[in-house]
Amino acid sequence: MGTKRHFRVWRGDESGGDIQDYDVEVNEGEVVLDIIHRLQATQTPDLACRWNCKAGKCGSCSVEINGKPRLGCMTRMSTFSEDETVTITPLRTFPVIRDLVTDVSFNYEKARETPAFAPPAGVAPGQYRMQQVDVERSQEFRKCIECFLCQNTCHVVRDHEENKEAFSGPRYFIRAAELDMHPLDARDDRKQYAQANQGLGYCNITKCCTEVCPEHIKITDNAIIPMKERVVDRRYDPLVWLGRKIFRR
Ligand code: SF4
Ligand code: F3S
Ligand code: FES
């Protein structure tokens, strides 16, 4: 038999809304998404939320829990004290569709803007070969589940709607870094592209993106900072640039 705990949940749509109070039963081992489902099953059948896998792998259930961007399905109720009110609100950086569901198409637009992998000329699909060590170098970035918690938390767009056009965000910086490390990617200007077209310069390395990533991808240390360093090298030190050009192959 569970215990009743107090929850606050944002209800509304694009025209506005507010936080509403609910008392919901909580059982041992449950996660916040279980509570949302219990609310739907008992008190609020029209409560909108997005979810799919309930295993931290689809990236659908992103919400803000007590103000922190998190996956609902991976946030255990045992992380809160028994008398703590748990407040669940939609991602703040994206427009609300209804209740806990936001319109994340900003991210899909940024994905479309990022130039795709460009295979080397003259090598047919099926003939690409790369060393295991090169596969492993960018493996970390391919763990991304596209939950967009990093995109939601980055202050460059979280508090500045006007920056959205120029800033692709941490999820697409790791994509640029991944392609930059790819030995078969024929574009050799991923860093420059990130700087000139993805708004890499807006990032002031606050690392909030890394802190919220449920896949523990070291977004700032392993993708953003190395790209920033190399952009600076190239821009200010022609010898470094020339050296890289010569010793690349
Ligand atoms: Fe989510 Fe991490 Fe991917 Fe960002 S990098 S979208 S936080 S999994
Ligand atoms: Fe934003 Fe991450 Fe940079 S939170 S400012 S992209 S380090
Ligand atoms: Fe898939 Fe939470 S429901 S990550």
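**Exercise 1. What covers the buried residues of α1?**

*Task:* Find the buried residues of this helix in the predicted model, then name elements that cover them.

*Solution.*
Step 1. Locate the helix: α1 runs over residues 32–42.
Step 2. Pick out its buried residues, using the cut-off of under 20% relative accessible area. They are Val32, Leu33, Asp34, Ile35, Ile36, His37 and Leu39.
Step 3. Look at what lies against them. The cover includes the strands β1 (3–13), β2 (16–26), β3 (62–65) and β5 (86–89).

**Exercise 2. How many helices and strands are there in the chain?**

*Task:* Describe the chain as a whole, starting with its elements.

*Solution.*
Step 1. Count the elements: the chain has ten helices and seven strands.
Step 2. Take its extent. Along the principal axes, the C-alpha trace spans about 70 × 40 × 30 Å.
Step 3. Turn to burial: 46% of the 249 residues count as buried.
Step 4. Finish with contacts. Consider those between residues at least 6 apart in sequence; 61% of them join residues at least 24 apart.

**Exercise 3. Which space does ligand 1 take?**

*Task:* Match ligand 1 to a cavity and describe the surroundings of the ligand.

*Solution.*
Step 1. Begin with the idea behind the search: rolling a probe the size of a water molecule over the atoms shows where empty space is left.
Step 2. List what turns up. The structure holds two cavities of 30 Å³ or more, and the largest has about 100 Å³ of space.
Step 3. Study the lining of this largest cavity. It consists of 14 residues, and those closest to the centre are Cys144, Cys147, Cys150, Cys213 and Ile217. Both α4 (149–153) and α6 (170–181) supply at least two residues of the lining. By class, the lining has eleven nonpolar, no polar and three charged residues.
Step 4. Place the ligand: the largest cavity is the space taken by ligand 1.
Step 5. Check the residues around ligand 1. Among them are Cys144, Cys147, Cys150, Arg171, Cys213 and Ile217. This shell divides into ten nonpolar, no polar and two charged residues.

**Exercise 4. Where does ligand 2 sit?**

*Task:* Do the matching again, now for ligand 2.

*Solution.*
Step 1. Go to the second largest cavity, with a volume of about 80 Å³.
Step 2. Read its lining, which includes Cys154, Phe167, Phe173, Cys203, Cys208 and Cys209. Two elements, α6 and α8 (208–212), give two or more residues each to this lining. Its residues are nine nonpolar, one polar and one charged.
Step 3. Place the ligand: ligand 2 sits in this second largest cavity.
Step 4. Look at the shell around ligand 2. Its residues include Cys154, His155, Cys203, Asn204, Cys208, Cys209 and Thr220. Here the elements giving two or more residues are α8 and α9 (219–236). The shell has seven nonpolar, four polar and one charged residues.

**Exercise 5. Which residues lie nearest the centre of the second largest pocket?**

*Task:* Describe this pocket by its volume and its lining.

*Solution.*
Step 1. Take the volume: the second largest pocket holds about 260 Å³ of space.
Step 2. Find the centre. Of the 16 lining residues, Met74, Val212, Cys213, Pro214 and His216 lie nearest to it.
Step 3. Name the elements: β4 (68–71) and α8 each give two or more residues to the lining.
Step 4. Sort by class. The lining of this pocket divides into eight nonpolar, four polar and four charged residues.
Step 5. Link back to Exercise 3: Cys213 and Pro214 are also among the residues around ligand 1.

How values were computed:
Residues numbered from 1 in each chain as written. Chains lettered and ligands numbered in written order. Predicted model: local features only at pLDDT ≥ 70, side-chain atom pairs only at ≥ 80, totals over all residues. Heavy atoms only, no water. 1 Å grid on protein atoms, 1.4 Å probe; cavity = no way out; pocket = protein on both sides within 12 Å on 5 of 7 lines; lining within 4 Å. Points joined across faces, edges and corners; volume = space filled by probe spheres on them. Helix = DSSP H or I, 4+ residues; strand = E, 2+ residues; numbered from the N terminus. Nonpolar A, V, L, I, M, F, W, Y, C, P; charged D, E, K, R; others polar. Buried < 20%, exposed > 50% of the residue type's maximum accessible area, 1.4 Å probe, protein only. Contact = heavy atoms within 4.5 Å. Near = heavy atom within 4 Å. Sits in = over half its atoms within 2 Å of the grid points.
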